[in-house]
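Please lead me through this structure, beginning with its sheet, going on to the helices that accompany the sheet, and ending with the cysteines.

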Amino acid sequence: MEIYRGLVLAQRSAGDRGKFIDVLTENNTVQEVFVRGGKKNTSSGLSSTQLFSYATFSLYQRQNRLYLDSCEPIRIFYRLRESLSRLSLAAYFGELIRLSVREFQVPNENCDVMRLMLNTLHFLEGGMRDEALLKPIFELRLMTELGMMPDLLVCRTCGAFSPKRLYFSVEEGCFFCVGCAAPPDTQTSVLLRTPTLQAMRHIVFSDYTRLFNFKLGKSNLAALGLCTERFVQYHLNSRLDTLQFYHSIQNHP
């Protein structure tokens with residue numbers, strides 16, 4: 001029997017009554033769990049096994065498959081369903097984790113994907129931070145937690161700490177002053193200004209008590225969102241359907 005806290009990231013039907021759920025565990029792994037009768041309204045674990053439910057799960061293993069024995073809810077992010085935009089953004093975050101955090105992965109001891117996800121959902125559900133801010137925070141901090149932190153200290157060529165204008169190289173994960181022979185490809189480099197660089201440093205280096213406590217102007221925030229999105233797509237080598245759906249919602253009048 002295994003007992004741990006986890007967050008449901010996805011669910012899939014299995015037959016007429018059962019379902020599979022993908023659970024992000026407190027050990028920063030993602031486990032696939034079969035829930036017998038999980039689609040029945042009378043199921044005792046219905047609330048704790050729905051999407052974005054944070055709960056304590058008791059599991060048993062049979063023939064290399066995990067089955068749900070019992071569960072107790074800790075927090076259910078139910079209000080995400082009140083907004084299609086928030087729900088789709090949360091789904092994108094969940095898919096990013098499922099893509100990047102593999103089952104039975106042995107994470108770095110300082111890795112804290114669970115805390116990042118729970119904190120982000122907290123601000124997203126309550127509308128306490130703009131979605132345009134939460135998205136790049138999650139993307140860049142997730143990459144940092146997974147050991148893919150970009151080099152944001154100084155210009156790779158001249159060593160400048162705070163150039164007024166710079167290119168962030170998505171491919172190399174570093175930045176160059178505009179006068180330092182920056183990579184010309186607009187798909188692998190993003191033009192940024194000093195406030196955006198400072199925001200990226202904040203996301204990468206801050207502890208969780210301060211991570212979500214900053215603001216950016218509209219144009220700098222848009223540049224930040226483009227930069228982190230391309231950085232994630234390049235290094236995870238994937239364009240996720242959930243992200244495309246989220247963008248389609250944002251672009252719809």
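The paragraphs below take up the sheet, its helices and the cysteines in turn.

The model is a predicted one, and a convenient place to begin is an open sheet of 3 strands, which are arranged in the order β7-β6-β8 with antiparallel pairing. Its edges are formed by β7, spanning 174-177, and by β8, spanning 189-193, each of which pairs on one side only. From one strand to the next, the twist averages 35 degrees. Between β6, which covers residues 165-169, and β8, the antiparallel pairing extends over 5 bridges, and within this part of the sheet Ser-169 stands opposite Ser-189 of β8.

Two helices can be placed relative to these strands. Helix α4, made up of residues 194-205, lies across β6, β7 and β8 and runs at about 105 degrees to β8. Helix α5, made up of residues 218-236, also packs on the sheet, where it touches β6 and β8, and its direction makes about 150 degrees with that of β8.

The cysteines remain to be considered. A search of the whole structure finds 0 disulfides. For Cys-158, the nearest cysteine sulfur belongs to Cys-177 and is 3.6 Å away; because a disulfide is counted for sulfur atoms within 2.5 Å, Cys-158 is in no disulfide. As for accessibility, Cys-158 has a relative value of 48% and therefore counts as partly exposed, whereas Cys-227, with a relative accessible area of 0%, is buried.

Terms used. Residues are numbered from 1 along each chain as its sequence is written. This is a predicted model: local features need pLDDT of at least 70, side-chain atom pairs count only at pLDDT 80 or more; totals for chains, interfaces and linings use all residues. Side-chain values use heavy atoms; hydrogens and water are left out. Two strands pair if DSSP finds at least two bridges between them. Helices (H or I, at least four residues) and strands (E, at least two) are DSSP runs, numbered from the N terminus. Axes are lines fitted to C-alpha atoms, for helices over the stretch in contact, and angles run from 0 to 180 degrees between N-to-C directions. Contact means heavy atoms within 4.5 Å. Buried means under 20% relative accessible area, exposed over 50%, partly exposed in between (1.4 Å probe, protein chains only).
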